[in-house]
Amino acid sequence: RSARNMTLAHWANEAIAEYRTIEAQSGIAFYHPCGTLTLSASSEGFSYTQQRHQLEHDLAFKYEELTPSKLAQRFLMLSNDLPYHGLYDGPPSGVINPRRYVAAQLACAANHGATHINDVVTSLQPHHEYVALKTHSGHEYAAQQVIIAAGAYSGLYGLLPSPIDHTVKSEIVTLGEVSAKTAATLADMPS
């Protein structure tokens, strides 16, 4: 929910509200509501500081502000000498496994009669009764309905009737393997 863009924050909040339903309908677990912790050298250094009060009001939640000393008390798995301020957005914010999330969405779609074709659509032409699609591999398809759900790539190939106003930015994610004991200790660590 902590986004620099209010529209994205609303979309995230709506998505989070559906995670458990998607898990139940697909039989695939992908969501861990452990909260989100953002760190900054100063209490004013958070990228969404300007929207903070609007986010809290519109989405009906409250961030928990943490000084460097309170940060270590609140999250015991963190070093007690971190020189950072924290802003914690508790559950339902958390972590999803993106590969399992996509698998769950595909399972739900299949359960509702959708056909999944693993290819890249390069052309989409709406007609009165159907939508004509062409793919990177050269196949052509006709569909009654089409969902374009490619995230940051949705604007590729001109598939949308108008561009999406968004900024593509990088995020660094580290995947680490830890022992079962360490994993248990870190189980409630926020993202």
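Is Glu23 buried or exposed? Glu23 is buried, with a relative accessible area of 11%. That's one small detail of a predicted model, so let's step back and look at the whole thing before returning to the charged side chains.

**The overall picture**

The protein has five helices and eight strands. Starting at the N terminus, they come in the order α-β-β-α-β-α-β-β-α-β-β-β-α. Along its principal axes, the C-alpha atoms take up a box of roughly 60 × 40 × 30 Å. The radius of gyration is 20 Å, while a compact globule of 191 residues would come in near 16 Å.

As for what's tucked away, 24% of the 191 residues count as buried. The accessible surface adds up to about 13,400 Å², and carbon and sulfur atoms own 54% of that. Now take the contacts with a separation of 6 or more: 60% of them are between residues 24 or more positions apart.

On the charge side, there are 12 positive and 17 negative charges, and their mean positions sit 6 Å apart.

**The salt bridges**

Side chains of opposite charge can pair when their charged atoms come close. Here the count is five salt bridges. Here are some of them, with the distance between the closest N and O atoms.

| Pair | Closest N and O atoms |
|---|---|
| Arg20 and Glu23 | 2.6 Å |
| Glu65 and Arg52 | 3.0 Å |
| Glu56 and Lys62 | 3.7 Å |

Let's start with Arg20 and Glu23. Both are in helix 1 (residues 6–26), and because they're three residues apart there, about one helical turn separates them. Glu23 is the buried partner from the opening question, whereas Arg20 is partly exposed at 45% relative accessibility.

Next up is the bridge between Glu65 and Arg52, whose closest N and O atoms are 3.0 Å apart. Glu65 lies in strand 3 (residues 64–66) and Arg52 in helix 2 (residues 52–59), so this pair ties together parts that are 13 residues apart in sequence. Glu65 is exposed, at 52% relative accessibility, but Arg52 is buried, with a relative accessible area of 12%.

Then there's Glu56 with Lys62. Glu56 is buried at 7% relative accessibility, and Lys62 is exposed at 61%.

Which residues are linked in a network of salt bridges? They are Arg52, Glu56, Lys62 and Glu65. Within that network, Arg52 and Glu56 are buried, while Lys62 and Glu65 are exposed.

How values were computed
Residues numbered from 1 in each chain as written. Predicted model: local features only at pLDDT ≥ 70, side-chain atom pairs only at ≥ 80, totals over all residues. Heavy atoms only, no water. Salt bridge = Lys/Arg side-chain N within 4 Å of Asp/Glu carboxyl O. Helix = DSSP H or I, 4+ residues; strand = E, 2+ residues; numbered from the N terminus. Buried < 20%, exposed > 50% of the residue type's maximum accessible area, 1.4 Å probe, protein only. Rg over C-alpha atoms; globule rule 2.2 N^0.38 Å. Contact = heavy atoms within 4.5 Å. Areas by Shrake-Rupley, 256 points an atom, 1.4 Å probe, with all protein chains shown as cover. Lys, Arg positive; Asp, Glu negative; His and termini not counted. Charge placed at Lys NZ, Arg CZ, Asp CG, Glu CD.
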